[in-house]
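Here is a friendly walk through a model with the sequence and structure side by side. Have the viewer open and follow along section by section.

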Number of protein chains: 2
Amino acid sequence: MVPVNQWIKIKAPATVANMVCGFDILGFAVNNPYDEMEMRFVQRAAGQASITIINIDDYNLPTDPEKNVAGAALLAMIEEYTANSIIDFSTIGFEVKINKLIKPGSGVGSSAASSAGAVVGANYLLGNPFSKDDLVRFAMNGEKVASGVKHADNIAPCIHGGVTLVRSIFPLEVIALPSPTLFVTIVHPQIEVRTADARSILKQNVQLKDAIKQWGNIAGLVAGLMKGDYDLIGRSLEDVIIEPVRSILIPGFDDLKKACKAVGALGGGISGSGPSIFFLSKEKETALAVEQEMKKLYEGLGLAHHTYVTNINQKGVEIEA
Amino acid sequence: MVPVNQWIKIKAPATVANMVCGFDILGFAVNNPYDEMEMRFVQRAAGQASITIINIDDYNLPTDPEKNVAGAALLAMIEEYTANSIIDFSTIGFEVKINKLIKPGSGVGSSAASSAGAVVGANYLLGNPFSKDDLVRFAMNGEKVASGVKHADNIAPCIHGGVTLVRSIFPLEVIALPSPTLFVTIVHPQIEVRTADARSILKQNVQLKDAIKQWGNIAGLVAGLMKGDYDLIGRSLEDVIIEPVRSILIPGFDDLKKACKAVGALGGGISGSGPSIFFLSKEKETALAVEQEMKKLYEGLGLAHHTYVTNINQKGVEIEA
């Protein structure tokens with residue numbers, strides 16, 4: 001256990017959920033952007049809150065632990081730990097400083113980074129009593145605060161790093177998938193797409209023939225990642241179910257996709273529920289060319305935007321003590 | 001090229017399509033049962049049929065090449081080969097003897113074995129001008145004769161061997177998936193389930209939440225096979241879409257499933273569109289215990305049945321010249 005008042009630093013990566021064809025099950029972490037956090041144990045008087053959230057960015061996110069995604073994740077963790085613990089959480093608490101470098105609402109797992117960063121940090125302070133699967137479970141409480149749904153497709157890669165498969169949510173089962181070197185280009189057009197809205201426009205029924213196409217692609221993507229077969233990865237990055245519905249919320253989506261594939265991207269699509277869009281490339285040069293296409297398109301549309309050229313983060317949340 | 005009149009022998013394995021969660025995309029070949037065939041080139045006079053089918057079993061299958069699955073597959077092959085060929089198919093033809101050891105209608109790829117065996121044999125006689133993907137395409141014409149639909153989930157493993165993924169039918173893309181040692185127990189209860197009926201009772205729409213569960217399992221199964229993770233394979237062998245509908249056509253299905261899993265099977269379900277049922281096991285002893293459960297159940301129901309204990313066939317159709 002880390003002594004009271006001693007700060008640790010936390011780096012929590014952005015994540016891309018869905019990975020085109022793997023709606024609600026696949027995701028991966030990237031090296032840039034990432035959130036910076038600091039955390040420590042503090043003594044507290046009876047009646048004081050067990051969690052203090054300090055925002056050191058300008059997003060004005062709630063600091064009430066029950067309404068803050070990091071706070072909600074930590075509360076779930078404290079609840080489970082208290083049952084069989086030597087720590088008396090009535091006299092001790094967590095202080096968490098959050099510097100969000102991942103813009104909230106950008107669609108690259110901003111809320112997941114806060115939740116995951118907080119529980120990985122707290123676990124470190126506690127002497128790592130919990131498994132990664134436990135931490136994913138706790139952090140999902142943060143996702144519930146953010147979007148109303150306990151989903152793990154950002155949390156799992158944020159904590160595990162690399163590409164992850166959430167085979168099942170209840171009971172939770174996360175499988176780490178090996179992947180070859182992949183460069184990732186992300187563009188965040190500065191429009192608002194609320195996760196709840198992006199969920200509500202989805203059709204609750206799909207045609208069996210489309211579902212079959214989709215699971216052919218999912219199986220192809222998993223096989224392509226595990227074999228390191230770039231062409232197979234590219235061919236499998238196709239979504240016949242979610243993208244046709246959600247992409248209408250994102251200006252320029254179809255044109256951008258054509259342009260990015262034309263300069264050599266393996267494939268890509270909406271990151272999570274958007275508005276960010278990502279493309280995967282085998283070579284860094286291609287990833288940079290993709291970035292140019294993204295800038296050209298959104299400059300042409302007169303839409304403020306931000307781009308990242310990065311690669312897959314294999315470590316997940318990192319602690320610097 | 002093999003000289004005219006010289007017979008070759010062909011061994012074409014049974015196959016299990018769907019593999020529980022992978023409806024229309026996954027399948028694997030088994031070492032037992034298999035069809036035996038013989039084939040040769042023959043000279044023919046103008047006006048004589050290019051393909052002569054000789055049944056040496058008692059199933060009384062059609063010998064008209066257009067109505068016989070092996071014949072239909074060969075006709076598709078001849079058509080494509082004739083376009084750019086040195087062989088004049090107006091003076092030469094194929095003679096095919098078929099001894100079906102895989103009972104037609106049993107649900108373990110009986111028609112696929114005939115179609116695949118015929119085109120692999122013909123390709124050998126011709127000096128192997130065609131790729132395996134070409135052969136799968138030709139053989140799918142046999143499946144169309146048998147069930148009205150050009151599907152490849154039996155043909156692909158029959159030709160490639162092992163476990164195969166049909167990522168896409170048009171254009172055809174077959175991916176060979178590595179797999180650990182797996183024992184297979186099959187029971188064929190002697191009832192008739194027509195493939196066309198088994199297709200027609202399926203719902204054309206599925207709930208998105210069920211589709212998500214299904215593709216989690218498909219991704220888990222592919223990852224489990226490639227990692228050699230038996231527990232993951234077992235957990236992923238779950239079908240929430242097709243099995244609940246189709247299993248009502250198969251007497252005793254639910255009880256059998258419980259009994260086979262109770263003695264240690266990893267998992268299993270309907271083979272293709274049934275009526276055969278298969279279970280996978282890590283150990284041969286378990287596969288034999290599963291066979292006992294199958295016999296006990298169908299003896300109890302007073303239903304004639306046949307069982308096989310075998311393993312995954314890694315070679316596909318074999319030629320003995």
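## Strands around β2 of chain B

Two strands are said to pair if DSSP finds at least two bridges between them. Helices (H or I, at least four residues) and strands (E, at least two) are themselves DSSP runs, numbered from the N terminus. With that in hand, look at strand β1 (residues 8-17) of chain B: nine bridges join it to strand β2 (residues 26-43) of chain B, and the two run antiparallel. One place to see this is K11(B), whose bridge partner in β2(B) is E36(B).

β2(B) has further partners to find. Three bridges link β2(B) in antiparallel fashion to strand β5 (residues 163-168) of chain B, where L165(B) is the bridge partner of L26(B). Eight bridges, again antiparallel, pair β2(B) with strand β4 (residues 92-99) of chain B; in β4(B), G93(B) is the bridge partner of V42(B).

## How to read the model

This is a predicted model, in which local features need pLDDT of at least 70 and side-chain atom pairs count only at pLDDT 80 or more, while totals for chains, interfaces and linings use all residues. Residues are numbered from 1 along each chain as its sequence is written, and chains are lettered from A and ligands numbered from 1 in the order in which they are written.

## Where the two chains meet

How many residues does each chain bring to the contact? Chain A gives 31 residues and chain B gives 31 residues, where two residues are in contact if their C-beta atoms, placed from the backbone, lie within 7 Å. On the side of chain A that touches chain B, at least two residues each come from β5 (163-168), β6 (173-177), β8 (205-207), α6 (208-227) and α7 (230-236) of chain A. The largest share there, 13 residues, belongs to α6(A). By type, this side of chain A has 18 nonpolar, ten polar and three charged residues. Here Ala, Val, Leu, Ile, Met, Phe, Trp, Tyr, Cys and Pro count as nonpolar, Asp, Glu, Lys and Arg as charged, and the others, Gly among them, as polar.

Strand pairing also crosses between the chains. β8(A) and strand β8 (residues 205-207) of chain B pair in the antiparallel sense over three bridges, and N205(A) has Q207(B) as its bridge partner in β8(B).

## How the copies are related

A turn of 180 degrees and a shift of 0.0 Å along the axis lay chain A on chain B with an RMSD of 0.0 Å. That is the relation of a two-fold axis. The superposition is by least squares on the C-alpha atoms of residues with pLDDT of at least 70 in both copies. Because 100% of the interface residues of chain A are also interface residues in chain B, the copies meet through the same surface.

## Two domains in chain A

The assignment for chain A gives domain 1 (8-178) and domain 2 (183-311); such bounds come from an automatic or database domain assignment. The C-alpha centres of these two domains of chain A are 25 Å apart. In the contact between them, 24 residues of domain 1 of chain A meet 33 residues of domain 2 of chain A. On the domain 1 side, the elements giving two or more residues are β1 (8-17) and β2 (26-43) of chain A, and β2(A) gives the most, with four residues. That side divides into twelve nonpolar, eleven polar and one charged.

## Two helices of chain B

Helix α3 (residues 132-147) of chain B has 16 residues and reaches 22 Å from its first C-alpha to its last, close to the 22 Å expected at 1.5 Å a residue (the expected span is 1.5 Å times one less than the number of residues). Its buried residues pack against α1 (69-83), α2 (110-125), α4 (155-160) and β6 (173-177) of chain B. A residue is buried if 20 or more other C-beta atoms, placed from the backbone, lie within 10 Å of its own, exposed if 12 or fewer, and partly exposed in between. Among the buried residues of α3(B) are F138(B) and M140(B). G148(B), with a positive phi near 85 degrees, follows α3(B).

The buried residues of helix α10 (residues 284-300) of chain B include M294(B) and L297(B). They pack against β7 (183-189), α9 (253-262), β10 (277-281) and β11 (305-311) of chain B.
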